[in-house]
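Reader: Before I plan anything at the bench, I would like to look closely at a single part of this model. Could you take me through it slowly, with the cut-offs behind each term?

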Amino acid sequence: MTPDEIFQDRIDRGIKIEPKDYMPEGYRKTLIRQISQHAHSEIVGQLPEGNWITRAPSLRRKAILLAKVQDEAGHGLYLYSAAETLGVSRDQMIADLHSGKAKYSSIFNYPTLTWADIGAIGWLVDGAAIINQIALCRCSYGPYARAMVRICKEESFHQRQGYEILLTLCRGTKEQKAMAQDALNRWWWPSLMMFGPHDSESPHAEQSTKWKIKIVSNDGLRQKFVDQTVPQGEYLGLTFPDPKLKWNAVRGHYDFGEIDWQEFKNVIQGNGPCNRDRLRARIEAHEQGAWVREAAMAYAKKHENKAAA
Amino acid sequence: MNEWPLWEVFIRGQHGLAHQHAGSLHAPDAETALNNARDVYTRRNEGVSIWVVKSSDITASSPSEKGPLFEPAASKPYRHPTFYEVPDEVKHL
Amino acid sequence: MRLGDNALILSQRLGEWCGHGPVLEEDIALTNVALDLLGQARLWLGYAGELTGRDEDQIAFLRDAGEFRNVLLVEQPNGDFAHTMARQFFFDLWHRLLLEKLSASKDERIGGIAAKALKEVAYHRRRSTDWILRLGDGTEESHARMQQAADDLWMYTGELFEMDALDKEMQQAGIGCDLAALREPWLNEVSRVFREGTLEVPKQSWMQRGGKRGIHSENLGHILAEMQFLQRAYPGAKW
C-alpha cells in the first residue's frame, strides 16, 4: 500500500490522525483552511456581541454576555492551537485573515442593531454552529476533534441564554416582542446560509467527506437545524420570514424556501453591511497591540539573559 | 515577526488525578504563560494545579517508533485486571 | 455603595476592551477581571439594595451620575494598554489593602463579601504588577507609554485615601477602615514595583477629588448614557 492508501485505511477504520503522523499535503492544507476559518469566525464573532456588552440591560445579562464573548475568544484560541499542530503559526493565520486571504463566517458581517439581536445570535447562530460542531467532534484529525469536544461542552449555555433573552422579550411589552420579531426576521436567512452552499455546489465536499473532516452534508445539517428550530420559534409566538416554511408529514421534515444565494455570495465577497468594520476592528487591535507584544518579548529576553548570567 | 512562543498547558483537576494536557497558548515568558493558562483553561473551575512547558522543550515519540515503544506493552495483557478469570460468585475482588 | 460603584464602573470600562485586546490571551484575561469586578459589584449593590429596598438593577441603571459614588480613577478612559494597566495597577493595590481590612469588618455581610473579593483581587494585582514590569522594562516605546500613563493618572490616586465624614463614622463603628492609613503601604508597593520596572514614581501633584461626593469627571455621564440606555428607553420593562 502507498502511504496515501495506508492513511485512507486508517481513516476508514476510525483511527484518529495525530500531528506527527503521515498525511497527504491536501489533507493538511484543507484542514488548515477549515480550522483557521473556524478560529477566525470565533474571533470576529466577538465583535457583534461585544457591541452590546456595555449596553446590556441588567447586571445579570451583562455578566452572561461577558462570559459568552470571553468563551468565544477561548474557542478561537483552542482552534488556532489545533491548526498550529499542522505547522502553521498563529501570526501567519492572522496575517491571512487581515489580508482577506482567509475567510470567516459571513454571519458576523451582519449588524447587531437591538438587544434582541443578542438573543437571536445565541438562539440561531450558536444553534446552527453547535449542530455543525457536534458533528465535527467525530472528525478524523485528533487535535481538531478534541478542541471540538471542549468547545461543545462549553457552548451548551450559549444557545440557552439566547433563547432565554427572546423568551423574556416575547413575554414582555409590545415593543419588546416587536424587537424579537424584527431580530428573527433579520437573522433567520443568514443563519440558514451558515451551513454553506448546496452539496451539489460545494467544491471540496466529496474529498472532505472521504477524509472525515466533513461529517454530515451541508443540506443535511441545514435540515436538522430547521427541524429543531421551528418549534422553538413557534413556542415564542414568533413568525418565521419564510412563506414556504411548513411541515411535510411525508418527508417527516419541514419544507422551506430557497436561500437568496446572490446575497450569500455578495456578503462573502466583502459587500455585507459590516465586512469592512469587522476587519478594520481586528486589524486595529492587532496593530495597536504590537508594541505591547514586543515589550513583553523584550522583557522576557532581558530577564532570561539575567537568569542565565 | 516576533511571535510569542507556544506553551503546552497541563492541569490537575479536583479529583486527585495526574496532570492532564489541556491545550496550548502563546506567552512571552513562563510566569505570563502560567497566568494565561489560569485565565484560558480554568474558566470553569477545572483545575487546582497548572504546569506550563515550552512546546519546543517537549520531546515527543515519533509515529515510526510506535511499534517498538508501545507494542511490547500491548503484548503484556497480564498487567490488566480483566486478564484474570474470576468466578462470578467471588465478589469484591 | 462606593465599593459597588467602583467595581461596576471599572468593569464597564474593561468590558470595552472585549474583542480589541493586544493579543488573544490578554483579551481573555481582561475579561476575567471585568467579570470578577462585575460579580463583586452585584454583591455590594445587592447588599446596599437590601438596606434601601431596591434591587441591584434599580441601583445600577436608575441612578444619575450625581448619585454615583465611585472614585474618579475608575471612570478614566481606557486610553492605550498602558493607561488601562496603570489604572488597574493603582486600583488593584488599593483595592487589595482595603479588602484586607474590610474582611475583618464588624458587619458580617461586608466581611464576607470582602473576603471573597480579596482572593480575586490578589490575582488582579499580580497580573497588573506583571504588566507594569513588562511595559516599564520592555522596549523604549513601552517604557515611555507606561511612564506617560502613570503620570497622567497619578492625580486621581489621592482620592483613594481621603477620609470624609461618612468614612470616619464607618471606621468608628468598626464597619469601615482608616483609608488614610492605607496610603503608606500603597506608596511603598508602587515605589517597589516602579523601581523594578525602571519607572519613576510621579512627583506629588495636585490631586483631583470629588467622585466620592458625586462630583465626577465628564466621563461618567457618557458611561452611564451607554450603560443605562435600555432601562431608560423602556421604563419598567423586564429583560
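Author: What follows concerns one helix of chain A, and then a helix pair in chain C.

The model is predicted, and local features need pLDDT of at least 70, side-chain atom pairs pLDDT 80 or more, while totals for chains, interfaces and linings use all residues. Residues are numbered from 1 along each chain as written, chains are lettered from A and ligands numbered from 1 in written order, and side-chain values use heavy atoms, without hydrogens and water.

Helix α10 of chain A (a DSSP run of H or I, at least four residues) spans residues 261-271, and within it A:Trp261, A:Phe264 and A:Val267 are buried (under 20% relative accessible area, with a 1.4 Å probe and protein chains only). Viewed down the axis of α10(A), its buried residues fall within an arc of 125 degrees, so they line one face of the helix. That face packs against α7 (174-193), α9 (218-236) and α11 (275-288) of chain A (contact being heavy atoms within 4.5 Å), whereas on the other side of α10(A), A:Gln262 and A:Gln269 are exposed (over 50%). The N-terminal end of α10(A) is capped by A:Asp260, a side-chain oxygen of which lies 3.1 Å from the backbone nitrogen of A:Gln262 (a polar contact joins N or O atoms within 3.5 Å).

In chain C, α1 (residues 2-15) and α2 (residues 24-52) pack at an angle of about 150 degrees, their axes 8 Å apart, and α1(C) and α2(C) are therefore roughly antiparallel (over 145 degrees). Their contact includes C:Leu3 and C:Leu14 of α1(C), and C:Leu30 and C:Trp44 of α2(C).

Methods: Helix = DSSP H or I, 4+ residues; strand = E, 2+ residues; numbered from the N terminus. Arc of directions from axis to C-beta. Polar contact = N/O pair within 3.5 Å; in protein donor to acceptor, adjacent residues only side chain to side chain. Axes fitted to C-alpha atoms, helices over the stretch in contact; angles between N-to-C directions. Parallel < 35°, antiparallel > 145°, perpendicular 65-115°, else oblique.
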